[in-house]
Amino acid sequence: MKLCEVKVTYNPKIRASEQPKISSADSATKYLREFWEDIEHIEKAYVLLMNRNNNVIGYKLLSIGGVAGTVIDPIIIFQTALKCNASGIILAHNHPSGSVKVSAADKDITSKIKSGGKILNIPLLDHIILTKHSYLSFSDENLL
């Protein structure tokens, strides 16, 4: 009988002392803007993976969509979080339209990720919607 071997790896390349600390939605947004490309034309989603001290242990591009949406798969988020022993996550996506208005789909995926995080003890710390000139934090707006 043949079986497939499953390997789960995470190879941090940055020392813990060098990992950026997230203390607010503003600091998370500044960090996201450092690597986010093409914020005005194509909708993308990322997850920031945090340790217990709210230091970023990594980020992952979750999806690339079109001008009006992208798919966010909770399985991919939690696979990644478990793989790197994350203690919390911040979900982020952009709105190429320039509007930070929260859609029904934004609320729905936030609810799903929050529920999954409770079960796995990996809380959703925030969901940030970015535009070129502004952002909206679900946490700051009491939408979590």
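These legends describe close-up views of one predicted model. Residues are numbered from 1 along each chain as its sequence is written, and side-chain values use heavy atoms, with hydrogens and water left out. Because the model is predicted, local features need pLDDT of at least 70 and side-chain atom pairs count only at pLDDT 80 or more, while totals for chains, interfaces and linings use all residues.

**View 1. The whole chain, with three helices and five strands.**
From the N terminus on, the order of elements is α-β-β-α-β-α-β-β. Helices (H or I, at least four residues) and strands (E, at least two) are DSSP runs, numbered from the N terminus. The C-alpha trace spans about 55 × 40 × 30 Å along its principal axes. A compact globule of 144 residues would have a radius of gyration near 15 Å, and the chain agrees at 15 Å; the radius is taken over C-alpha atoms, and the globule rule is 2.2 Å times the number of residues to the power 0.38. Of the 144 residues, 43% are buried, where buried means under 20% relative accessible area, exposed over 50%, and partly exposed in between (1.4 Å probe, protein chains only). The accessible surface comes to about 8,700 Å², and 52% of this belongs to carbon and sulfur atoms. Accessible areas come from the Shrake-Rupley method with a 1.4 Å probe; for residues, only the protein chains shown count as cover. Among contacts (heavy atoms within 4.5 Å) between residues at least 6 apart in sequence, 65% join residues at least 24 apart.

**View 2. The largest nonpolar core, with 17 residues.**
A nonpolar core is a set of buried Ala, Val, Leu, Ile, Met, Phe, Trp, Tyr and Cys residues joined through side-chain atoms within 4.5 Å. Leu-49, Leu-62, Ile-72, Ile-77, Ile-89, Leu-91 and Ile-113 touch the most other members. Two or more residues each come from strand 1, strand 2 (56-64), helix 2 (74-83), strand 3 (88-94) and helix 3. Ile-77 is in contact with Val-47, Leu-62, Ile-72, Ile-89, Leu-91 and Ile-113, not counting residues up to four places away in sequence. Another core, of 15 residues, lies apart from this one and has Leu-32, Leu-48, Ala-92 and Ile-128 among its members.

**View 3. Two salt bridges within helices, Lys-30 with Asp-26 and Lys-112 with Asp-108.**
A salt bridge is a side-chain nitrogen of Lys or Arg within 4 Å of a carboxyl oxygen of Asp or Glu. Side chains of opposite charge can pair when their charged atoms come close. The structure holds three salt bridges. Between Lys-30 and Asp-26 the N to O distance is 3.3 Å. Both residues lie in helix 1 (residues 25-35), four residues apart, or about one turn of the helix. Lys-30 is exposed at 54% relative accessible area, whereas Asp-26 is partly exposed at 34%. In the pair of Lys-112 and Asp-108, the closest N and O atoms are 3.4 Å apart. These two residues are four residues apart in helix 3 (residues 104-120), which means a separation of about one helical turn. Lys-112 is partly exposed at 47%, and Asp-108 is partly exposed at 41%.

**View 4. A salt bridge between two loops, Lys-132 with Glu-40.**
The side chains meet at 3.5 Å, N to O. Lys-132 sits in the loop between strand 4 (124-130) and strand 5 (135-137), and Glu-40 in the loop between helix 1 and strand 1 (44-50), so the pair ties together parts that are 92 residues apart in sequence. Lys-132 is partly exposed, with a relative accessible area of 44%, and Glu-40 is partly exposed at 40%.

**View 5. Surroundings of Ala-86, in the loop between helix 2 and strand 3.**
Ala-86 is buried, with a relative accessible area of 8%. Leaving aside neighbours within four places in sequence, Ala-86 is in contact with Leu-49, Met-50, Ile-57, Ala-81 and Ile-122. The C-alpha atoms of Ala-86 and Asn-121 are separated by 9.6 Å, with the two residues 35 residues apart along the chain.

**View 6. Surroundings of Gln-19, in the segment before helix 1.**
Gln-19 counts as buried at 11% relative accessibility. Not counting residues up to four places away in sequence, Gln-19 touches Ile-14, Asn-51, Asn-55, Val-56 and Ile-57.
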